[in-house]
Amino acid sequence: MLKITNSPVVYRDGGFLDATPVQANDGRKNTMSYPIFRAHNTVDSMDSLKLRFDAMASHDITYVGIIQTARASGLDAFPLPYVLTNCHNSLCAVGGTINEDDHLFGLSAAKKYGGEFVPAHQAVIHSYMREMYAGCGKMILGSDSHTRYGAYGTMAIGEGGPELVKQLLKKTYDIAYPRTVAVYLTGKPKAGVGPHDVAIALIGATFSKGIVKNSVMEFFGPGVCNLAIDYRSGIDVMTTETSCLTSVWQTDETVHEALAAHGRSDAYFPMAPESGAYYDALIEIDLSSVEPMIALPFHPSNAFSIREFNENAADILRAVDRDTMEKLELKKEPESLVKKIRNGKFYCDQGVIAGCSGGTYQNLAKAAEILNGKPIGADAFWLSCYPMSQPVMLELLRKGYLEKLMASGASIRSAFCGPCFGAGDVPANGGFSIRHSTRNFPNREGSKPANGQISYVALMDARSIAATALNGGALTSAADLAEIAEEPAKTEYFFNASPYSRVYHGVGKPDPEQPLVFGPNIADWPEQIALPDNLAIEIASAIYDPVTTTDELIPSGETSSYRSNPLKLSEFALSRKDPNYVNRAKAVKALEIKRRNDPSDPEVQAFLDGMDAGVTGIGSAVMSIRPGDGSAREQAASCQRVLGGVANLCEDFATKRYRSNVINWGMLPFTVNNIAELNIHPGDKVLIPGIRKALLDGADSVEATLVQNGVSKPITLKLEKLAKEDREIILSGCLINFYSAK
């Protein structure tokens, strides 16, 4: 199904030859990504890129903090098209705050600074950007990890808010030239196989091995022409879950027709790698060999074919039971999922087709064709469908597909990302939900194990979800249906933009006299101090999971309405993973406040263990093995900073975007070899003399002392690949301080 060559290759005459790194300098110029990077790079060097983007996008749990940060740093007007969508906090009130306050703030900011504002329920962020902004050779930056428009020839990158702030302040996105991985597609998908099946197979084969981590994935080959534009986008958006940096596809008449349908034919030109293109690795996918897939809890890489799952359901489900105990850190074992097997079939409780991955026209049309008005039954299983934009909804209505879905008993919702992050369609206790959405991390669906509620999400394609609904919730592969047609390489689609009459188009038209509209929950970022000469750090949380997601660092779902209030939001930091973290961090922060007010305080002196209280800051840190998989949300780092955090200690960072968030919020991104062997626990201390000087001197490591139960031992903390500006941001205390000083 997939063949991986994890070594350099050169693409020549429709095939691949082994290569050496020496060939990279010339060979990378023949890739699709090189000319895009070159066109957006602001310096001569292509080894260290300083990029400016064509456009940016944020949604309503990220744009308030971004605009507040930029405003505190001297923002006058948006210097590039900036689209503010409202697809995450679309509900009128969640978590005790009024979400519409954030929307009014966003509209007033679009007017004041010259932006584009898409009201709630009109479109999910990535649908709107595909429809209205994506184009060949473009680069788009978004404050959402699934910012991926590669099927349109656009290199799109999801990052934390501070990276968008830099663009708003006319600065650059700085990275070393990334690795490039070829994804070579051949063949044609079998009937019943959809884009999520291909995506899950790809993620399952690459994520745990780190093959494409922080790389550019280039999709090309003879198989591409067999995929409709929605099909390509459905695979592309899920590349985020491989941990790659971005992705881009070869373009053809299918892309041209899609752009023309959206009134942007001039955004097209053909793209393909040239002969001699150099790639750091190669992934070959024979589309005809892909089977309908399922990604079981608690990660999109936990991949099985549905055939394999149904043949071995009891054994596989017992493994999920064990993962549930471990991932949710339960003391009492919940009812086994094996009990959901009845008469040899595994029964699901809920199906959801939603968001930027599932809610496409092609996916929902195919689900409607499969169901065709046949009832899904009056038992426990239920199905909800979220078209990803109002234009998509209109076309599904015009073609009669919504009627078929509704006649079957499916619930039709407006454009909303809630099911992807736990703010919509939360399953019942013990419920098993199959979803064509982006993630199935622990608690991602909104369950609350601390309150005794545990539920599960598995990822599946819309086609197999519809097949399962047709069978009353019995897990069914769409390929097993008696009558299932192959996917067309092109989908007839009429784009009706009339609902977007509600969109405020203010790009390039700032009105400085327009006041910002603040709701009572919108708050400024609290002040952060510059890095002191020395640091005394207490470990406030120690996490030994192989990977720690941003959902675990700051939960999604119930916290979304507090994203505009840093102090309130910080109360939720690590609440699912380590409920005692906040109080520990607050206690350390209180000690730092004591130090500033009275360096001679006995408690301060005892903590510092002989270090000079006048020039030694006190702060907390989180220790984990590999933090930051998943969402781009900056709050995973900023909440730690608000609570007095000064560092992360880890073996490695799961994603570049989380590491960037740590740096941009003024925290030190320490890596430590074999960190698990140090057996670090909350309450341990790390004493770092001369940390400010080390950063000023450009040191790539610093010697420190680890104190555990009164016993001291030396430890080397690495500061790998810190750019000059990264160091200056940390020295300043955070990005806001850095730009305010300038």
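In this predicted model, the residues around the second largest pocket split into seven nonpolar, four polar and eight charged. That pocket holds about 530 Å³ of space. Its lining is made up of 19 residues, and nearest the centre sit Pro449, Ala450, Ser575, Arg576 and Pro579.

The largest pocket comes in at about 1100 Å³. Its lining counts 32 residues, with Ile175, Ala176, Lys656, Arg659 and Lys721 closest to the centre. Several elements supply two or more residues each to this lining, namely strand 4 (48-51), helix 6, strand 12 (173-176), helix 23, strand 33 and helix 25. Helix 23 chips in the most, with five residues. Sorted by class, the lining of the largest pocket has 15 charged, 10 nonpolar and seven polar residues.

Helix 25, one of the elements lining the largest pocket, spans residues 724-732, and its buried residues are Asp726, Arg727, Ile729, Ile730 and Leu731. What do the buried residues of helix 25 pack against? Their partners are helix 6 (161-168), helix 23 (656-664), strand 33 (668-671), helix 24 (691-696) and helix 26 (735-741). Right after helix 25 comes Gly733, with a positive phi near 110°.

Turning to enclosed space, a search of the whole structure turns up three cavities of 30 Å³ or more. The largest cavity takes up about 200 Å³. Of the 21 residues in its lining, His59, His88, Asp144, His146 and Arg444 lie nearest the centre. Helix 12 (355-358) and helix 16 (418-421) are the elements that give two or more residues to this lining. By class, the lining of the largest cavity has 10 polar, six nonpolar and five charged residues.

The second largest cavity has a volume of about 60 Å³. Around it are Ile157, Gly158, Glu159, Asn214, Ser243, Cys244, Leu245, Thr655, Lys656 and Arg657. Strand 11 (155-158) and helix 23 each give two or more residues to that lining, which has three nonpolar, four polar and three charged residues. Lys656 thus turns up in this list and also among the residues closest to the centre of the largest pocket.

One more lysine is worth a look. Lys340 sits in the loop between helix 11 (313-327) and strand 20 (341-342). Is Lys340 buried or exposed? It counts as buried, because its relative accessibility is 15%, and buried means under 20%. The side chain of Lys340 reaches the backbone oxygen of Gly430 at 3.2 Å. Beyond its neighbours within four places in sequence, Lys340 is in contact with Lys345, Phe346, Tyr347, Asp349, Gly430, Gly431 and Phe432.

Technical notes:
Residues numbered from 1 in each chain as written. Predicted model: local features only at pLDDT ≥ 70, side-chain atom pairs only at ≥ 80, totals over all residues. Heavy atoms only, no water. Buried < 20%, exposed > 50% of the residue type's maximum accessible area, 1.4 Å probe, protein only. Helix = DSSP H or I, 4+ residues; strand = E, 2+ residues; numbered from the N terminus. Contact = heavy atoms within 4.5 Å. 1 Å grid on protein atoms, 1.4 Å probe; cavity = no way out; pocket = protein on both sides within 12 Å on 5 of 7 lines; lining within 4 Å. Points joined across faces, edges and corners; volume = space filled by probe spheres on them. Nonpolar A, V, L, I, M, F, W, Y, C, P; charged D, E, K, R; others polar. Polar contact = N/O pair within 3.5 Å; in protein donor to acceptor, adjacent residues only side chain to side chain.
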